[in-house]
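The following note sets out some points to consider while reading the structure. Please keep the three-dimensional view open and locate each residue as it is mentioned.

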Amino acid sequence: MKAKRMSFGAAGALFALLSLLLFVAACNGDDGDADPTATEPAVADPIATEPAASETTIDVSLSEFVIDPSIDTAQAGTITFNVSSDGAIFHNFKVVATDLAPDALPVDEALFAADEEQVDVVASTADLDPGEQETLTVELAAGSYVLICNIPTHYQAGMTVAFTVE
Ligand SMILES: [Cu+2]
C-alpha cells in the first residue's frame with residue numbers, strides 16, 4: 001500500500017512537470033504567432049514573377065587606336081559600359097546600331113569621322129581625357145552593333161569593333 005501511494009505521488013509529480021512544460025511550449029507558440037512578420041499574408045510581387053531581365057556590365061578600354069570591350073556579345077537588356085580612356089590622348093565611345101561591318105560605316109570626309117547623321121547612334125559618352133572614365137547604361141535590343149570612337153580620324157584609324165546583342 002505504501003509503495004502504491006508513493007507511485008501515485010511520483011506520477012502526480014511527473015504529470016505536474018509535463019503540464020508545466022506543455023504550458024511553456026504553448027506560450028512560446030503564442031509568442032511565435034504574435035510575430036507580425038510571420039502573420040503577414042504572402043503578397044505576390046509582380047516584378048519577381050516576371051522573367052529576370054538581363055543585366056550585363058562590360059569594361060571598355062579606349063586607347064590609340066583600339067576599342068577593347070571585355071566581351072563582344074551580351075544578352076538583350078540593360079547593358080552597362082564602364083568606359084576607361086586609357087591612352088595618351090582623348091577618346092570617346094559610341095554605340096551604333098547597324099548591320100554594317102565595323103569598317104564599313106559611312107564616313108564624313110569633311111569631318112574625318114563616321115557620319116553620325118547616316119547611322120543610328122544609340123548611346124555616346126563625352127570626350128574622355130586620358131585617365132577619365134564614364135559609365136554608360138543602355139537598354140539594348142537583340143541585334144548587331146558597332147562600337148566606335150568618333151574623334152576625328154580615330155574611326156578610320158581603327159577604333160571600331162563589332163558588338164552583338166542576342
Ligand atoms: Cu579615339
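1. Alanine 76 has a relative accessibility of 31% and therefore counts as partly exposed, since that class lies between the 20% limit for buried and the 50% limit for exposed. The structure shown is a predicted model. Alanine 76 sits in the loop that joins strand S3 (73-74) to S4.

2. Which residues does alanine 76 touch, if those up to four places away in sequence are not counted? They are Ser54, Leu140, Ala141, Ala142, Val165 and Glu166. The last of these, glutamate 166, is 90 residues from alanine 76 in sequence, yet the two C-alpha atoms are 5.7 Å apart in space.

3. Threonine 80 offers a useful contrast in accessibility. This residue belongs to strand S4, and its relative accessibility is 16%, so threonine 80 counts as buried, the limit being under 20%. With neighbours within four places in sequence left aside, threonine 80 is in contact with Thr56, Thr57, Ile58, Thr135, Leu136 and Thr137.

4. The next matter is the arrangement of strands. One open sheet consists of 4 strands in the order S2-S1-S4-S9, with mixed pairing. Strand S2 (66-69) and S9 are its edge strands, each pairing on one side only. From one strand to the next, the twist averages 25°. Within this sheet, S1 and S2 are antiparallel and share 4 bridges; serine 63 stands opposite valine 66 of S2.

5. A further open sheet, also of mixed pairing, has 5 strands in the order S3-S11-S10-S5-S8. Why do S3 and strand S8 (120-124) each have one side without a neighbour in the sheet? Both stand at the edges with a single partner strand, so one side of each is left unpaired in the sheet. Strand S5 (residues 94-97) pairs with S10 in the antiparallel sense over 4 bridges, and lysine 94 has isoleucine 148 of S10 as its bridge partner.

6. In soluble globular proteins, nonpolar side chains tend to be buried together. The largest nonpolar core here has 22 residues, of which Phe81, Phe93, Leu140 and Phe163 touch the most other members. At least two residues of this core come from each of strand S1 (55-63), strand S4 (77-85), strand S9 (133-140), S10 and S11. Apart from this core lies another, of 7 residues, including Ala114, Val119, Val146 and Ile148.

7. Phenylalanine 93 deserves separate inspection. Beyond its neighbours within four places in sequence, phenylalanine 93 is in contact with Val60, Leu62, Ile67, Phe81, Val83, Ala123, Ser124, Thr125, Leu136, Leu147 and Ile148.

8. Finally, the metal site should be examined. Which residues are the protein donors of the copper ion? They are His91 (ND1), Cys149 (SG), His154 (ND1) and Met159 (SD), at 2.0 to 2.6 Å from the ion. Along the chain, the donors follow the spacing H-x57-C-x4-H-x4-M. The arrangement is tetrahedral because the 4 donor atoms subtend angles of 89 to 135° around the copper ion.

9. Two of these donors can be placed in the fold. Cysteine 149 lies in the loop between strand S10 (143-148) and helix H4 (154-157), while methionine 159 lies in the loop between H4 and strand S11 (160-165). The two are 10 residues apart, and both cysteine 149 and methionine 159 are buried.

How values were computed. Residues numbered from 1 in each chain as written. Predicted model: local features only at pLDDT ≥ 70, side-chain atom pairs only at ≥ 80, totals over all residues. Heavy atoms only, no water. Donors = N, O, S within 2.8 Å, 3.2 Å for Na, K, Ca; no water. Tetrahedral: all angles 85-135°; square planar, octahedral: opposite > 155°, others 65-115°. Buried < 20%, exposed > 50% of the residue type's maximum accessible area, 1.4 Å probe, protein only. Core = buried A, V, L, I, M, F, W, Y, C linked by side-chain atoms within 4.5 Å. Contact = heavy atoms within 4.5 Å. Pairing = 2+ DSSP bridges. Axes fitted to C-alpha atoms, helices over the stretch in contact; angles between N-to-C directions.
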